[in-house]
Amino acid sequence: MTTAAGGRLHALPASGWRRAWPWARRTLVWGFFGLVAWLLVSQARSIDWHEVGDAIAALPPLTLLGAGLLAACSFALYSTYDLLGRHLTGHPLRAGTVMGVTFISYAFNLNLGSLVGGVAFRYRLYSRLGLRNDTITRVLGFSMLTNWIGYLVVAGAAFFFWPLGLPPAWKVDGEELRLLGAALLVLAAVYLLVCAFAHGKRWHVRGHELRTPTLRMALLQFLLSCTNWSLIGGVIWLLLQGQVAYPQVLAVLLVAAVAGVITHVPAGLGVLEAVFVALLAHQVAEAQLLAALLAYRGLYYLLPLLVATLAYFATELRARRGRRARIAHQK
């Protein structure tokens, strides 16, 4: 390539950029994780963990019971998401089977990340139950859409109507959060309008065909997902024993959820706690805040993971016995 003055410019060949980019990307990713790890370790060293332990022990049993019931309701509700995909695809699996697969996938998704839990477990379990990959993809995609479409409404309402009381040192004010909330609500409204006026329209994304649901189905998505996000916020609010207003707890949870997705840290480990401490430490003692969050992890992450692990191994055992029975019958 030559310049207007006739000089020649030498550029790195495109193939060279393609070879260098993966290494550069890995370096940036590992550098980012290193920075996050350093920040978490630095923060952890400044915490009085004995005080946190005392705060956990001081949580009233009725509070833990109520939080556990809300967590159970949330998991039961989330387990119905794949039933919407069952309705759209018309696959023959029973409702109880679908809810069981969704529960197992959700528990592993929370603790190991979406690629392992939300995607890999669904494909493995559904394929063993006889569903084709294209059907599984449609069910999975619609379930993920349901989860995040409700997020738009709940986060939009929380930021617009009850903007966070941010720490004094932060430069973001309530008006900027209101604008963000309004934008999220507009996106949710656009989705409803598309479903109302273009339902049945087929979209092709990376070789997969997606069909716009009806307005009734979209409203059901909103109802299920908004209720579920609200229940999750209620778990943490109960564990904080009302020290912070519920809308603020919910708003911080929604910020932490996006932060966890962006960082790709399994279970949002440390990210959830860092966001809550950053946004609420000026209102709640740090030890009590961390005690509530650790109790939340136990109730909403670890206990369901234990149940899901047992259910998964039971499912694998039944599938293995079924294969042996079929082989024996063929002989």
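Does V261 count as buried, exposed or partly exposed, and what is its relative accessibility? At 44% relative accessibility, V261 counts as partly exposed, where buried means under 20% relative accessible area, exposed over 50%, and partly exposed in between (1.4 Å probe, protein chains only).

The model is predicted, so that local features need pLDDT of at least 70 and side-chain atom pairs count only at pLDDT 80 or more, while totals for chains, interfaces and linings use all residues. Residues are numbered from 1 along each chain as its sequence is written, and side-chain values use heavy atoms, without hydrogens and water.

V261 lies in helix 10 and, with M144, W148 and V258, forms a nonpolar patch on the surface with about 320 Å² of accessible area together. Patches consist of residues with over 30% relative accessible area and no salt bridge, like charges being joined within 9 Å and nonpolar side chains (Val, Leu, Ile, Met, Phe, Trp, Tyr) within 5 Å; accessible areas come from the Shrake-Rupley method with a 1.4 Å probe, and for residues only the protein chains shown count as cover. Helix 7 (133-161) and helix 10 (246-263) each supply at least two residues of this patch, helices (H or I, at least four residues) and strands (E, at least two) being DSSP runs numbered from the N terminus.

E316 forms a salt bridge (a side-chain nitrogen of Lys or Arg within 4 Å of a carboxyl oxygen of Asp or Glu) with R124, the closest N and O atoms being 2.9 Å apart. This pair links helix 12 (residues 286-330) to helix 6 (residues 114-128), 192 residues apart.
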